[in-house]
Amino acid sequence: MTHKQEILFGSGACVAITVLLSLKLVRDHLTHWKKPKEQKAILVIILMAPIYALDSYVGLLDIRGSETFFLFLDSIKECYEGLVMAKFLALLYTYLNISITKNIVPDEIKGREIHHSFPMTLFQPHSVRLNHQNLKLLKYWTWQFVVIRPVCSVLMIVLQLLEIYPDWLSWTFTMILNVSVSLALYALVVFYHVFAKELAPHKPLAKFLCVKGIVFFCFWQGIVLSGLVAVGIITADHFWLDVSHIQEALQNALVIVEMVFFAGFQMYAYTAAPYKIDEVKEKKKE
């Protein structure tokens with residue numbers, strides 16, 4: 001067995017574990033389908049780990065793919081990331097019986113203070129009172145990434161195919177996307193801090209870490225790998241594989257391994273146990 005085959009075999013085993021753990025959790029929720037609005041959002045979040053793992057494995061299978069090919073694979077992950085952030089906020093809204101579309105905000109949470117931090121204080125007052133408008137604003141801040149990410153991905157892929165993709169344009173897209181994803185994450189953090197007490201029974205921190213952790217590791221390890229390539233620590237030892245492809249392969253392999261741990265953590269954070277308990281209570285009442 002060659003070194004490449006060993007890597008593919010090990011990575012394939014990790015992908016299989018991630019998929020199996022995620023499918024088991026999906027099955028548990030479907031078996032105890034008690035609160036569709038909550039559990040639909042949870043299913044979307046649970047599928048993040050296997051989608052990232054499978055996407056990265058495809059990148060390993062075609063290790064010598066073009067730059068556009070790898071950009072396409074990264075875009076799939078990041079577009080899904082945007083959807084997960086939006087669904088996570090929707091899940092928190094559901095826990096608190098908030099409905100933006102139906103203009104439903106429970107009286108006991110109206111009037112709370114939202115404290116903004118720099119640099120948001122450049123655009124918003126330092127403190128604002130919670131109302132329907134501010135909740136809608138938090139929702140828009142999260143959903144903007146769901147729209148901006150795919151639009152930028154399409155433009156980046158098309159421009160690369162047309163060979164109109166200078167470095168300054170690449171950096172422009174990177175800056176736009178970083179600002180966009182930061183705003184979405186900021187909205188989630190603000191919402192969590194305002195309602196930490198009410199959300200406590202639902203393990204919001206563990207749920208948030210599942211989402212934030214995947215985004216954090218994928219982003220920062222990419223930065224670290226780029227730095228290692230820049231200083232010459234990661235080099236190309238094979239004439240058939242350049243350093244950029246080695247960097248992509250390392251990134252994909254790391255993501256695949258990490259998704260095993262996140263899939264396991266999701267078994268705790270997004271467990272179906274509360275819905276099983278509700279089911280038992282209903283049977284006792286009968």
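**Aromatic rings and the charges over them**

Select Tyr93, Phe191 and Phe195 to begin, since these residues of the predicted model form one aromatic cluster. A search of the whole structure finds 6 aromatic pairs. Within this selection, keep Tyr93 and Phe191 in view and draw the centres of their rings, which lie 4.9 Å apart; the planes stand at 40 degrees, so the pair counts as tilted, given that planes under 30 degrees apart would be stacked and those over 60 edge-to-face.

Now show the backbone around these two rings, colouring helix α4 (residues 67-95), which carries Tyr93, and helix α6 (residues 167-194), which carries Phe191; the pair links distant parts of the chain, with the two residues 98 residues apart. If you switch on a surface here, note that both Tyr93 and Phe191 are buried.

Next, select Tyr165 and Phe173, an aromatic pair that is stacked, with 6.4 Å from centre to centre and 20 degrees between the planes. Are these two rings buried or exposed? Tyr165 has a relative accessible area of 18% and is therefore buried, the cut-off being under 20%, while Phe173, with a relative accessible area of 8%, is buried by that cut-off too.

The last stops concern charges over rings. Select Lys77 together with Tyr52, where the charged end of Lys77 sits over the ring of Tyr52, 6.0 Å from the ring centre. Then move to Lys207 and Tyr270, where the charged end of Lys207 sits over the Tyr270 ring at 5.3 Å from its centre.

Technical notes. Residues are numbered from 1 along each chain as its sequence is written. This is a predicted model: local features need pLDDT of at least 70, side-chain atom pairs count only at pLDDT 80 or more; totals for chains, interfaces and linings use all residues. Side-chain values use heavy atoms; hydrogens and water are left out. Rings of Phe, Tyr and Trp (its six-membered ring) pair if their centres lie within 6.5 Å; planes under 30 degrees apart count as stacked, over 60 as edge-to-face and the rest as tilted. Helices (H or I, at least four residues) and strands (E, at least two) are DSSP runs, numbered from the N terminus. Buried means under 20% relative accessible area, exposed over 50%, partly exposed in between (1.4 Å probe, protein chains only). A charge sits over a ring if NZ of Lys or CZ of Arg is within 6 Å of the ring centre and within 35 degrees of the ring normal.
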